[in-house]
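I opened the notebook to look this chain up piece by piece. The entries below follow the order in which I checked things.

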Amino acid sequence: MSDVPFVHLHCHTDYSLLDGACEIKQLMDIASKEQMPAIAMTDHGNLFGGVEFYNAAKAKGVHPVIGCELYVVDDHKKQAGRYNHLVLLAQDQDGYRNLIKLVSTGYLDGFYYKPRVDKQLLQQHSKGLVCLSACLRGDVNEALLEDKYDKARQMAGEYREIFGKQNYYLEIQDHDLDQDKKLIPEVGRLARDMEIPLVATNDAHYLRKADARAHDIFMCISTGKTYNDPARMKWDKSVFYVKNKLEMEQLFSNYPQSLVNPYEIAMSCQVKLEKVKEPFPKFDVPPHHSIDSFFEYAVREGFEKRKPRLEYMAAHKMLRTPMEEYEERLTREIKMIQQMKFSGYFLIVWDFIRYAREQNIPVGPGRGSAAGSLVSFALTITDIDPLQYGLLFERFLNPERISMPDIDTDFEPRGRGKVIQYVTEKYGREQVAQIITFGTLGAKAAIKDVGRVMEMTFGEVDKLTKLVPPTLNIKLKEAIEQEPGFGEAAKADQRVADVLETAQRLEGMARNASVHAAGVVISPEPLKSLVPLYKTNKDEIVTQYDMSGLEKLGLLKFDFLGLTTLSIVDDTLKLLKHRGINLVMEE
């Protein structure tokens, strides 16, 4: 047993059921230090950190196992019923896709306090998934704790039938709880009777044993409670951390095979998160055109509409560059874009901006490196002549560093939703979604939240937060080093020292999920088959992977920015027109 590499299959990389990139990196440091060949992430009901986890593990030479601890009910469409936990691990690409569908369905169709699924859904999406019976909240374990052995046997049989004999395991855990002492021998008995393999796991809700109190405080932040509130949710044991091999062997010495099976399960899980091969959705072009030829046609037609004004400026010696250079630059950009296979991207942006202009929705003149593209100018994606201002196309697209083009588009906020609606209807509701973003605890927010939980007064907390230097994105550790007032306050009051120590542990943690202010992803196929989806409390459908994760998967994202300045300009122009003054901003 001692020669078998140790693997964790039950890590929750969160305090608040949201992933934190800083915690994932620390988790990988622990896995690397303990020489774990593999580790699984099984957050509750979501895959928020899936891409971050996968890439961080690969970077450290640790084999990543993607999983989730699902909430299972009798009927996920009914807003009633008690849920139980069930752990699923993706074994192959089919399993990963099925896990995505289950997690997405839990949020889109089964959300009632928690994102829930049922056994019918599990039956439909069981291929390529390894199933573990979960913790004390697993239904098999609950039946055993209630001395309903026959019921537990029946339910275990159902799961084995759904996932297959080779892919269903009974979990044993030991967190020094009375329930564990009763449950472990009963699960062992069930495993022997039904010939179901055992797997030893450990609920890891924080990384190190020393993080237990910080985890407690973060739960208070999440639930709006104070630390001394007797009615708050809390864990009595400090054992829900990432245990090492020796600790697990001491706990489960009577069940040696249960320590071997995690490694075998992990090695059977070989999911690869690869980039989408064809990220562009289908853009309908006239029958006699290809994407490339129609792109060139649209560009040249657009440039012909720009020409009269350019020629007028040239005739009045207002143009810095000869017209011949415009033609040469345009041809070069067209060929480069076609060579990089980005014709479809430009047509998509051209199309929704054209729609916005037709609907009299004000559009910004262009921002960022896209303003250096004459093609963008010809397609009226931007209204900035790059040659007139000496802007370089290579800052926008360069074949030596191939990356997806990124055109930020500004819309008048009152019309922005209409443009997104147009895109949704054109490419399909299942293929368009907004993008999630996670609010994290910064230095000041960490002090404020921990101070409140520790029942410090508003004035006391306010004095501390005002000591944080006004440096953008400054870390609390840096702030304490730069500002001697922190050290003085900590020496004078032990509560302050406690708050600062805990705040540093929690800084950077994700505390809430929201919708990205601008990001929209458009997919060539239903998003539900590519990325997990999430529904906000406003019924907005968003991806569970954030902007960074989607980019790593190669999915096509667009920024639809709402710019209040466009509202002000538009209202001003309308007022002027009402008074007989017709002002055209583009001229």
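**Entry 1: the end of the chain.** I began with a term: helices are DSSP runs (H or I) of at least four residues, numbered from the N terminus. With that I could place Met 585, which lies in the segment after α22 (564-578). I kept in mind that this is a predicted model. Met 585 belongs to a nonpolar patch on the surface, together with Ile 581 and Leu 583. I noted about 290 Å² of accessible area for the three together.

**Entry 2: the whole chain.** I then stepped back. How many helices and strands does the chain have? I found 22 helices and 15 strands. The C-alpha trace spans about 90 × 65 × 45 Å along its principal axes. I looked up burial next: 53% of the 587 residues count as buried. The accessible surface comes to about 27600 Å². Carbon and sulfur atoms hold 49% of that surface. I also checked contacts between residues with a separation of 6 or more, and 78% of them join residues 24 or more positions apart.

**Entry 3: the cores.** I wrote down a rule before looking inside. In soluble globular proteins, nonpolar side chains tend to be buried together. Here I found that the largest nonpolar core has 78 residues. Leu 88, Leu 122 and Val 140 have the most contacts inside that core. Which helix gives the most to this core? I found helix α6 (residues 149-163), with seven residues. A second, separate core has 54 residues, among them Met 340, Phe 346, Val 432 and Leu 556.

I went back to Leu 88 and listed its contacts, leaving out residues up to four places away in sequence. Leu 88 touches several leucines: Leu 70, Leu 99, Leu 102, Leu 122 and Leu 129. Its other partners include Ile 66, Val 130 and Phe 163. Cys 68, Cys 131 and Gly 67 are also on the list.

**Entry 4: checking a helix length.** I tested helix α10 (residues 257-268) with a simple sum. Its twelve residues, at 1.5 Å a residue, should span 16 Å. The expected span uses one less than the number of residues. The end C-alpha atoms are 16 Å apart, so the expected span agrees. I then looked for buried residues in α10 and found Ser 258, Leu 259, Val 260, Asn 261, Pro 262, Ile 265 and Ala 266.

**Entry 5: salt bridges.** I found 38 salt bridges in the structure. I looked at three pairs.

- Glu 142 pairs with Arg 137, and their closest N and O atoms are 3.4 Å apart. Is Glu 142 buried or exposed? Glu 142 counts as buried, because its relative accessibility is 16% and the limit is under 20%. Arg 137 is partly exposed, at 24%.
- Arg 300 pairs with Glu 296, at 3.2 Å from N to O. The two are four residues apart in helix α11 (residues 291-315), so about one helical turn separates them. Arg 300 is partly exposed at 28%, and Glu 296 is partly exposed at 27%.
- Lys 466 pairs with Asp 462, at 3.1 Å from N to O. Lys 466 counts as exposed at 63%, whereas Asp 462 is partly exposed at 23%.

I also noted a network: salt bridges that share partners join Arg 208, Asp 211, Glu 501 and Arg 505.

**Entry 6: α19 and α20.** I placed Ala 489 in helix α19 (residues 484-492). Ala 489 counts as partly exposed, at 21% relative accessibility. Beyond its neighbours within four places in sequence, Ala 489 is in contact with Leu 464 and Val 496. I also looked up the spacing to Lys 463, which is 26 residues away along the chain. The C-alpha atoms of Ala 489 and Lys 463 are separated by 9.7 Å.

Val 496 led me to helix α20, where it is one of the buried residues. Others on that list include Asp 498, Val 499, Leu 500, Thr 502, Ala 503 and Leu 506. What covers the buried residues of α20? The cover includes α8 (212-223), α16 (443-453), α17 (458-465), α18 (476-482) and α19. I repeated the length test on α20 (residues 494-506). Its 13 residues should span 18 Å, and the end C-alpha atoms are 19 Å apart, which agrees.

Conventions. Residues numbered from 1 in each chain as written. Predicted model: local features only at pLDDT ≥ 70, side-chain atom pairs only at ≥ 80, totals over all residues. Heavy atoms only, no water. Patch = residues over 30% accessible without salt bridge, like charges linked within 9 Å, V, L, I, M, F, W, Y side chains within 5 Å. Areas by Shrake-Rupley, 256 points an atom, 1.4 Å probe, with all protein chains shown as cover. Salt bridge = Lys/Arg side-chain N within 4 Å of Asp/Glu carboxyl O. Core = buried A, V, L, I, M, F, W, Y, C linked by side-chain atoms within 4.5 Å. Buried < 20%, exposed > 50% of the residue type's maximum accessible area, 1.4 Å probe, protein only. Contact = heavy atoms within 4.5 Å.
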